[in-house]
Amino acid sequence: MPKPFPMAEPNPVRSSIDHEDPEYAPLSGGAKPEDRRRPTKVILAGLSVLLVIGMMLGFFTDTKPDFCTQANDALLSMTREGAGPRSIPAEAVVRPGARGVKEGVSDKSSRIIAGVNVPSFPWNNSMLSWQRTAFHFQPEKNWMNDPNGPMYYKGWYHFFYQYNPEGAVWGNIVWGHAVSEDLIHWLHLPLAMVADQWYDVNGVWSGSATILPDGQVVMLYTGSSNESVQLQNLAYPADLSDPLLVHWVKHPGNPVLAPPPCINKLDFRDPTTAWYTSGGKWRIAIGAKINKTGMSLVYETEDFKNYKLLPGMLHAVPGTGMWECVDFFPVSEDGLDTSVNGPGVKHVMKVSLDDDRHDYYSIGTYDEKANTWVPDNPEIDVGIGIRYDYGIFYASKTFYDQNKRRRILWGWITESDSEAADVQKGWASLQGIPRTIVLDTKTGSNLLQWPVEEVESLRLSSKEFDSIEVKTGTVVPLDVGTATQVDIVAEFELDKQALGATPEADADYSCGASGGASQRGALGPFGLLVLADDGLSEQTPVYFYVVKGPNGTLKTSICTDQLRSSEASDVVKHVYGSFVPVLEGEKLSVRIMVDHSIVETFAQGGRSCITARVYPTKAIYGAARVFLFNNATEANVKASLKIWQMNSAFIRPYSDQ
Ligand code: DQQ
């Protein structure tokens, strides 16, 4: 949980070059991002869910093929284009090569923004080297994607990940493995599992760990077989007395699960951590789809070798497409073991939507007996409502850290530059700083995500700035020197008089459909410019935008604007963001972690988060600075903040010397 920081001396570097002209809009220019509207037809969605569940209840207790045909036909007519409850707008992208589609996963390689003949930027080695991060988990080289099987075992945090040992693009997927005592400094271990069996020869895909009460460790993962069938497999450590769990054994009876009838061989993957039921058995969920209906099936087991498909399903949402990397866990204001259940316990369901490559979650109630999970609010059902992150963040997975009694979230942060640049730099993808997640008991309707406390051990020198007044249309430089590895905690207050005098407006604000930080409104945008050079030719604004609605209600958005983040045109430039709840009496607060090419933003204690990859060409090394700005037209803001320089983490190969 964030702690309020003490505000000390007044700003020692209040700029003499503040621009005070209200007409001066220092952030003008920049292309208008594409409109990314997301229609949700909620009533239809609710009805469809009931219909699907009804049909599938029947289907899974009677799996005759003619019933499968019937179910498929009904689903097809229900979710036929335009008739479904939700259609996910395809991002306008150029896909450099469809890597993965024939194997049954969508294109995993980096995409670049649409437009014919996007000229490639002449990236040089110094620019590309700067993009490598200093305190985020990365393999030494090559491609990485999903986090797999995270756990805490005998004093070590274990992290496995989807890895291509042969290059910087998706393919040849095996399990990389690293260990850490604090989630920050990592030792790379040998590959945990490679594609050496008929049932995983096309890829050792994502999976999860379960630690049994007797100390055994069970790893379930998806293998893409010699015929590209998605099969679930069991693996376990060769030597439980080795805290590093270096060697892994695949169960001789693999595969333990094949796609059930009605589920396509390419749509059955990513087993969850198991939870223990009151009936004394274990259950796992697996993502699947029928036509455009995403769903999670549940299997029950006693020994992790033999499984029974339970009737019905945990949940399904028409129109959401394939559910990858389903995660299912209990939540409260503290971390809970995955098996905790009982009256009053809330459960989170998270799905990674293959169709739009975003991670959605929803809070609801799990009925173990009925094998169902029901969202508290069907309007924000899983896949159609809230996201973990409004930037780039995918295929995430949580684990319960029994060491510190907390639940930790890992998420894969892919590149948003071109595939050619990834190949040139020899690596692709990061993992976000692991986040502690708890239920936001103040709103009851969202989670709070916050960087694990261990990252604060990297904080070096800091500077505090107390109550800086940032006038409308101005930019204020913050004298913290080089700002490529920084942790920023900031609070903002809109001038109360101006707030009161501002007329009510009907218009809603959407970061993605706006012109970014250059689009001026009465009460926003204002915030920080990170990875900005002195001349502001490159800048990444992270900002609040407040709209005063009918009856004086305020609605706040938090956004990250990539539109002017780089002079290169072969990188993605979106305005990311979302609405963020701000409760009575709360100040606007934000934490921003900058680590070279990644900018992670946590607003209002982690109610809304945005992760962006940024590829400046000038605002790098010693030229990267940080500024305050206020591009609102009607209200000055007061900003108080603290900025720490961040040390680098030790992330290196393990040696027992
Ligand atoms: N990545 C894995 C799959 C999973 C996908 C393959 C999500 O198991 O569905 O690399 O990114």
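The ligand sits in the largest cavity. A cavity here is a set of points on a 1 Å grid over the protein atoms alone where a 1.4 Å probe fits but cannot get out. A molecule sits in one if more than half of its atoms lie within 2 Å of its grid points.

This is a predicted model, in which local features need pLDDT of at least 70, side-chain atom pairs count only at pLDDT 80 or more, and totals for chains, interfaces and linings use all residues. Residues are numbered from 1 along each chain as its sequence is written, and side-chain values use heavy atoms, with hydrogens and water left out.

**The ligand and its shell**

There are 13 residues around the ligand. A residue counts as near if one of its heavy atoms lies within 4 Å. Lys108, Asp146, Gln162, Arg269 and Asp270 come nearest. The shell divides into 5 nonpolar, 3 polar and 5 charged residues. In this scheme Asp, Glu, Lys and Arg are charged; Ala, Val, Leu, Ile, Met, Phe, Trp, Tyr, Cys and Pro are nonpolar; the others, Gly among them, are polar.

Three strands, β3 (142-153), β7 (204-211) and β22 (394-401), each supply at least two shell residues. Strands (E, at least two residues) and helices (H or I, at least four) are DSSP runs, numbered from the N terminus.

The table gives polar contacts, pairs of N or O atoms within 3.5 Å.

| Ligand atom | Protein partner | Distance |
|---|---|---|
| oxygen | Gln162, side-chain N or O | 2.7 Å |
| oxygen | Arg269, side-chain N or O | 2.8 Å |
| oxygen | Ser206, polar backbone atom | 3.2 Å |

On its own, the ligand has 300 Å² of accessible area, and the protein covers 100% of that. Such areas come from the Shrake-Rupley method with a 1.4 Å probe.

**The disulfide**

The count comes to 1 disulfide, a pair of cysteine sulfur atoms within 2.5 Å. Cys511 and Cys559 form it, with their sulfur atoms 2.2 Å apart. The S-S torsion is about -70°, so this disulfide is left-handed. Cys511 lies in the loop between α5 (496-501) and β31 (523-532), and Cys559 lies in strand β33 (residues 554-561), so the pair ties together parts 48 residues apart in sequence.

**Backbone details**

Two cis peptide bonds come next. Asn254 to Pro255 is cis, with omega near -5°. Pro255 is found in the loop between β10 (248-250) and β11 (268-269). Gly524 to Pro525 is also cis, with omega near 5°. Pro525 is found in strand β31.

Asn172 has phi near 50°, a positive value in a residue other than glycine. Asn172 lies in the loop between β4 (156-164) and β5 (174-180).

Definitions and conventions:
Polar contact = N/O pair within 3.5 Å; in protein donor to acceptor, adjacent residues only side chain to side chain. 1 Å grid on protein atoms, 1.4 Å probe; cavity = no way out; pocket = protein on both sides within 12 Å on 5 of 7 lines; lining within 4 Å.
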